[in-house]
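Colleague: Could you pick one part of this model and take me through it slowly? I'd like to see how the pieces around it hang together, rather than a quick tour of everything.

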Amino acid sequence: KALLFLGAGSVLHSTESQETSEMGGLRKVMPLTAIVFSIGALSLGGIPILAGFWSKDEILLGAWDHGGVIGPLVFCMALIAAFMTAFYIFRALFLTFHGEFRGGVDKEIEDLRVRGEEPDESQTHGRVHLAESPWTMTMPLVVLAVAAVVAGILTNPPGDIGIIDKHAYGHFATENEAVFVDHDA
């Protein structure tokens, strides 16, 4: 989540807008921010190789294991919340980084030129021009994106890594065998 908040801050720094309706196509001018934001979105969406999956899977498993009527009810509510979270973040990702740019001074200048007018200094001075954020903003994004991937892999390595054993999900995914863990033991 920190990666997504800092990614949003990078976009706000570049666009000086909080309206996703005024964004779009930013992956072309902010490729690094787009990549790391995508990693954060995939992690929050619960993709198994990333760290965000492991927070969701344990919560869902704990709700399911509660038993009775309450366990499955809480499980269903948590699953719906997880899907809503994934929908929201991917909507933000696509509105911000994909499609065509829909606002800002660069768009206003382009619109003026399409109408055959040349913008003057008063129309553009001090206004935002899109660009990747400086390294002081992008470096923490890269560190958090790498952490999301590395933490996800270390939580569920594809094989035993030294003292870290392959997680039960890894056994299931790679060997196609269901491994059930007795949580009461």
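**A pocket and the core beside it**

Modeller: Sure. For scale, 31% of the 185 residues in the protein chain are buried. Keep in mind that this is a predicted model. The chain has 8 helices and 0 strands, so to speak an α-α-α-α-α-α-α-α run when you read along the sequence. Of the contacts between residues at least 6 apart in sequence, 65% join residues at least 24 apart.

The part I'd zoom in on is the second largest pocket, with about 480 Å³ of space in it. It is lined by 19 residues, and those closest to its centre are Ala-8, Phe-37, Tyr-88, Ile-89 and Ala-92. Why can a pocket be picked out at all? Because rolling a probe the size of a water molecule over the atoms shows where empty space is left.

Who builds the walls? Helix H1 (2-15), helix H2 (31-44) and helix H4 (70-97) each put at least two residues into the lining. H4 has the largest share, with 8 residues. Sorted by class, the lining comes out as 13 nonpolar, 4 polar and 2 charged residues.

Now hold on to Phe-37 and Ile-89, because both turn up again. The largest nonpolar core has 14 residues, and the members that touch the most others are Leu-4, Val-11, Leu-26, Phe-37, Ile-89, Leu-93 and Phe-97. H1, H2 and H4 each give this core at least two residues, and here the largest share, 4 residues, belongs to H2. As background, nonpolar side chains tend to be buried together in soluble globular proteins.

Leu-26 is a good one to click on. Leaving out residues up to four places away in sequence, Leu-26 touches Val-11, Thr-15, Pro-31, Thr-96, Phe-97, Phe-101 and Leu-130. Val-11 and Phe-97 are names you've just met in the core.

Next, the rings. The count of aromatic pairs comes to 3. One of them is Phe-37 with Phe-97, a tilted pair at 5.4 Å centre to centre, with 50° between the planes. This pair ties together distant parts of the chain, with Phe-37 in H2 and Phe-97 in H4, 60 residues apart. Phe-37 has 7% relative accessibility, so it counts as buried, the cut-off being under 20%. Phe-97 counts as buried too, because its relative accessibility is 1%.

Another pair is Trp-64 with Phe-75: the ring centres are 4.9 Å apart and the planes sit at 70°, so this pair is edge-to-face. Trp-64 is in helix H3 (residues 51-65) and Phe-75 in H4, 11 residues apart, and this pair also links distant parts of the chain. Trp-64 counts as partly exposed because its relative accessibility is 47%.

One last stop on H4: Thr-85 lies in that helix. With a relative accessible area of 29%, Thr-85 is partly exposed. The C-alpha atoms of Thr-85 and Gly-45 are 7.0 Å apart, although 40 residues separate the two along the chain.

So if you want a single residue to centre your view on, I'd go for Phe-37: it is among the residues closest to the pocket centre, it is among the core members with the most touches, and it shares a tilted pair with Phe-97.

How values were computed. Residues are numbered from 1 along each chain as its sequence is written. This is a predicted model: local features need pLDDT of at least 70, side-chain atom pairs count only at pLDDT 80 or more; totals for chains, interfaces and linings use all residues. Side-chain values use heavy atoms; hydrogens and water are left out. On a 1 Å grid over the protein atoms alone, a cavity is a set of points where a 1.4 Å probe fits but cannot get out, and a pocket is an open set with protein on both sides within 12 Å along at least five of seven lines; lining residues have an atom within 4 Å of a point. Grid points are joined across faces, edges and corners, and a volume is the space filled by probe spheres set on the points. Ala, Val, Leu, Ile, Met, Phe, Trp, Tyr, Cys and Pro count as nonpolar, Asp, Glu, Lys and Arg as charged, and the others, Gly among them, as polar. A nonpolar core is a set of buried Ala, Val, Leu, Ile, Met, Phe, Trp, Tyr and Cys residues joined through side-chain atoms within 4.5 Å. Buried means under 20% relative accessible area, exposed over 50%, partly exposed in between (1.4 Å probe, protein chains only). Contact means heavy atoms within 4.5 Å. Rings of Phe, Tyr and Trp (its six-membered ring) pair if their centres lie within 6.5 Å; planes under 30 degrees apart count as stacked, over 60 as edge-to-face and the rest as tilted.
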